[in-house]
Amino acid sequence: MVWLLRLVLLLLIAFILFVTIKFLLKPTRKLEAARKHKRFLLLDNDEVIKNFQLTYNGAVFTGEKYLGATKNAIDVVSISLWPNQNTSITGMTKEDFYFIEEKIHEKYPVAEIHWKSPIHEFLHQK
């Protein structure tokens, strides 16, 4: 009986440790921490069918990737990008959006980036 109780206690401790480590390594937690500290972070899955998220300057953006043919391979050729909350982009400049585009081009060099409203209008106004 004592051995069974010890085994259950050991399994409970292992389960709590597993859940704690899983929580600490969760990608959305990293994204939220980067957003709070106003750092850049790109969370991307290598699967093309899944969207990616990035944060910069306290704003969170979602990007949708589209596959297409290039000269040498099939690769991500188009990315649509939009903010999760339009109020979070208040105070951002054109240079901030160009920085985000530059970071995305490091990962997807042939992709065209299409911003959704209101950023699209902001970047194309004179």
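## A tour of the salt bridges, a buried serine and a surface patch

Select D44, which is partly exposed at a relative accessible area of 23% (buried is under 20%, exposed over 50%, partly exposed in between, with a 1.4 Å probe and protein chains only). You are looking at a predicted model, where local features need pLDDT of at least 70, side-chain atom pairs count only at pLDDT 80 or more, and totals for chains, interfaces and linings use all residues. Residues are numbered from 1 along each chain as its sequence is written, and side-chain values use heavy atoms, leaving out hydrogens and water.

**Stop 1: around D44**

Add K107. The side chains of D44 and K107 form a salt bridge, 4.0 Å from N to O (a side-chain nitrogen of Lys or Arg within 4 Å of a carboxyl oxygen of Asp or Glu). This pair links distant parts of the chain: D44 sits in the loop between β1 and β2, and K107 in helix α3 (residues 94-107), 63 residues apart. Helices (H or I, at least four residues) and strands (E, at least two) are DSSP runs, numbered from the N terminus. K107 is partly exposed, at 37% relative accessibility.

Now add K65. Its side chain meets D44 in a salt bridge of 2.7 Å, N to O. D44 lies in the loop between β1 (41-43) and β2 (52-56) and K65 in strand β3 (residues 59-69), so the pair ties together parts 21 residues apart in sequence. Is K65 buried or exposed? K65 is buried, with a relative accessible area of 6%.

**Stop 2: S78**

Move to S78, in strand β4 (residues 74-83). S78 is buried, at 16% relative accessible area. Show H114 as well. A polar contact of 3.5 Å joins the side chains of S78 and H114 (a pair of N or O atoms within 3.5 Å; within protein, one must be able to donate a hydrogen and the other to accept it, and residues adjacent in sequence count only if both atoms are side-chain atoms).

**Stop 3: helix α2**

Select R35 and E32. They form a salt bridge, with the closest N and O atoms 2.4 Å apart. Both lie in helix α2 (residues 27-36), 3 residues apart, about one turn of the helix. R35 is partly exposed at 28% relative accessibility, and E32 is partly exposed at 32%.

**Stop 4: helix α1**

Finish with L9, in helix α1 (residues 2-24). Which residues join L9 in a nonpolar surface patch? Select L12, I13, F15, I16, F18 and V19: with L9, they make a patch of about 700 Å². Patches are made of residues with over 30% relative accessible area and no salt bridge; like charges are joined within 9 Å, nonpolar side chains (Val, Leu, Ile, Met, Phe, Trp, Tyr) within 5 Å. Accessible areas come from the Shrake-Rupley method with a 1.4 Å probe; for residues, only the protein chains shown count as cover.
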